[in-house]
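Biologist: I have a model open and a few things to ask about it. Can we go through the sheets, the ligand and some loop residues?

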Amino acid sequence: MKYISTRGNAPAKNFTEILLGGLAPDGGLYLPEQYPQVTRAELEVWRKLSYAELAYAVLSKFATDIPAADLKAIVAKTYTAEVYHNARAGSDTTQITPLRTLEPGLHLLELSNGPTLAFKDMAMQLLGNLFEYALARQHDELNILGATSGDTGSAAEYAMRGKRGIRVFMLSPEGKMSAFQTAQMFSLQDPNIYNIAIRGVFDDGQDMVKAISNDHAYKEKYKIGTVNSINWARVSAQVVYYFKGYFAATQSCDEQVAFSVPSGNFGNICAGHIARMMGLPIAKLILATNENNVLEEFFQTGAYRPRTTAETAHTSSPSMDISKASNFERFIFDLVGRDAAKVRELWGRVDTGAAFDLHATEYWKRISQYGFAAGKSTHADRLNTIRMVWEKYGVMVDTHTADGIKVGLEHRAAGVPLVCLETALPVKFEDTIVEALGRKPERPAGMEDMEKLPQRCAVMDADVAALKSFIAAHVPQ
Ligand SMILES: *Cc1c(COP(=O)(O)O)cnc(C)c1O
């Protein structure tokens with residue numbers, strides 16, 4: 001399996017060659033040359049597999065240059081109940097992503113039972129093990145530099161902690177994360193994890209990461225890499241749970257399923273699109289946004305209008321507060337018939353902050369064949385949905401999952417099971433849960449006193465030179 005760039009001007013690569021990188025050298029995103037197809041007979045066999053076996057079956061179609069025994073071992077180590085044990089009482093954690101039925105035909109796919117209580121663990125944990133494996137083979141090292149407002153940073157740190165050949169330098173805005181998120185990250189004592197609190201906001205940290213990424217000499221000398229959501233291995237790991245969720249919600253492969261997906265950077269739902277392109281019987285991919293509705297607007301109107309960070313609202317589903325969706329280019333590449341010149345033209349505009357509108361084009365006529373539906377959810381919707389799900393089903397859901405359920409129910413079709421992806425556990429967003437329900441969410445065992453653990457972090461101004469010296473002082477030359 002070879003990977004090509006959505007912008008068409010980069011050489012085709014293998015899975016392991018793109019594993020440690022981000023963007024293709026021409027600025028595009030990598031996608032398989034062709035989507036592997038899953039036959040009906042294969043689907044029937046896959047239905048009976050454990051999560052780790054299924055992950056191997058799916059990923060072996062993508063990572064064709066990793067020896068089978070090695071990939072099997074990596075996947076087996078990643079998807080074990082010991083890693084994904086933070087479930088509600090009664091969930092079968094041996095399933096890794098247990099399906100919780102709210103009522104017949106309406107389900108929650110639990111993706112957030114991993115170490116940081118958000119679905120990003122599903123892919124990031126695999127990335128940690130793949131990175132360690134690839135770096136050992138190449139006798140190399142990697143220093144991951146990132147900026148986080150919460151979920152991504154903690155998922156990356158818990159995936160990379162203690163891994164040989166890897167260090168993580170994670171910037172976060174000082175005093176801006178919730179006490180729980182701060183404790184989650186800053187209580188890590190692993191010597192390869194460096195938390196750096198920046199006197200500023202999230203965008204200051206993001207700008208510092210960009211500045212260092214553009215300093216090619218520094219980047220090369222200090223082996224700087226990233227783990228953002230455009231990483232192909234992350235997307236491919238997410239394809240697996242669409243299969244798992246499908247099998248859990250159906251009895252036979254004659255049935256179809258709809259998935260509702262709380263969306264920000266289009267990473268999660270992009271994996272659903274790929275599962276569908278591989279032949280998984282998905283009737284609808286229901287995209288839910290919060291007030292930051294760039295993607296909802298596209299699927300309603302055909303116009304993609306990225307916002308500036310200043311136009312991006314801070315909401316109570318903060319992990320979906322995006323101004324442009326970094327993975328969206330992958331879907332558009334498919335929509336325009338994999339015409340890389342067209343993608344270059346469209347992103348030529350997006351990269352300068354401008355919009356594009358496909359409504360009057362031939363491409364828009366094909367949009368329905370991809371099975372998307374979309375809707376938006378506001379703070380008031382979120383509170384109502386959290387209350388409704390609690391009162392009607394006795395299940396507490398987080399704010400992002402609530403956005404997904406709200407929009408999912410609006411598009412529910414008779415006779416088609418609706419699977420709502422649970423992207424975080426409610427304890428991560430305690431304040432809004434208290435606002436909705438007047439009570440605090442339960443904490444997974446062992447996390448009751450997380451905020452009382454000793455914390456470790458460096459504090460610095462939003463100063464690129466200071467960050468460069470900090471990294472240099474901690475990377476042996
Ligand atoms: C990251 C995140 C999302 C958005 O996922 P994308 O892949 O960026 O679309 C939704 N909910 C939660 C809780 C997240 O952490």
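Modeller: The turns below take the ligand, the two sheets and three loop residues.

Biologist: What should I know about the source first?

Modeller: This is a predicted model, where local features need pLDDT of at least 70 and side-chain atom pairs count only at pLDDT 80 or more, while totals for chains, interfaces and linings use all residues. Residues are numbered from 1 along each chain as its sequence is written, and side-chain values use heavy atoms, with hydrogens and water left out.

Biologist: How many residues surround the ligand, and which are the closest?

Modeller: There are 15 around the ligand, and the closest are Lys120, Asp151, Gly264, Asn265 and Asn268. A residue is counted if one of its heavy atoms lies within 4 Å of the ligand.

Biologist: What classes are in that shell?

Modeller: The shell has 5 nonpolar, 8 polar and 2 charged residues. Ala, Val, Leu, Ile, Met, Phe, Trp, Tyr, Cys and Pro count as nonpolar, Asp, Glu, Lys and Arg as charged, and the others, Gly among them, as polar.

Biologist: Which atoms of Lys120 and the ligand pair up, and at what distance?

Modeller: An N or O atom in the Lys120 side chain is 2.5 Å from an oxygen atom of the ligand. For Asn265, a backbone N or O atom lies 2.7 Å from a ligand oxygen atom. Thr423 has a polar side-chain atom 2.9 Å from a nitrogen atom of the ligand. The cut-off for a polar contact is a pair of N or O atoms within 3.5 Å.

Biologist: How much of the ligand does the protein bury?

Modeller: The protein buries 97% of the 380 Å² that the ligand exposes when taken alone. Those areas come from the Shrake-Rupley method with a 1.4 Å probe.

Biologist: Sheets next. What is the strand order in the one with 6 strands?

Modeller: That open sheet runs E3-E4-E14-E9-E10-E13, with mixed pairing. Its edge strands are E3 (99-103) and E13 (372-376), each pairing on one side only. The twist averages 25 degrees from one strand to the next, using axes that are lines fitted to C-alpha atoms and angles from 0 to 180 degrees between N-to-C directions. Strands are DSSP runs of E with at least two residues, helices runs of H or I with at least four, and two strands pair if DSSP finds at least two bridges between them.

Biologist: How many bridges join E4 to E14?

Modeller: 5 bridges join E4 (residues 106-110) to E14 (residues 418-422), and the two run parallel. In that pair His107 stands opposite Val419 in E14.

Biologist: And the sheet of 5 strands, what is its order?

Modeller: It is an open sheet with parallel pairing, ordered E8-E5-E6-E7-E15. E8 and E15 each have a single partner strand, so one side of each is left without a neighbour in the sheet. E5 and E6 (residues 166-173) are parallel and joined by 6 bridges, with Leu142 opposite Ile166 in E6.

Biologist: Loops now. Is His139 buried or exposed?

Modeller: His139 is exposed, at a relative accessible area of 74%; exposed means over 50%, buried under 20%, and partly exposed in between (1.4 Å probe, protein chains only). His139 is in the loop between helix H5 (120-138) and strand E5 (142-147), and its phi is near 50 degrees, a positive value in a residue other than glycine.

Biologist: What about Lys223?

Modeller: Lys223 is not a glycine, but has a positive phi of about 50 degrees. Lys223 is in the loop between helix H9 (216-221) and strand E8 (224-225) and is partly exposed at 36% relative accessible area.

Note on methods:
A polar contact is a pair of N or O atoms within 3.5 Å; within protein, one must be able to donate a hydrogen and the other to accept it, and residues adjacent in sequence count only if both atoms are side-chain atoms.
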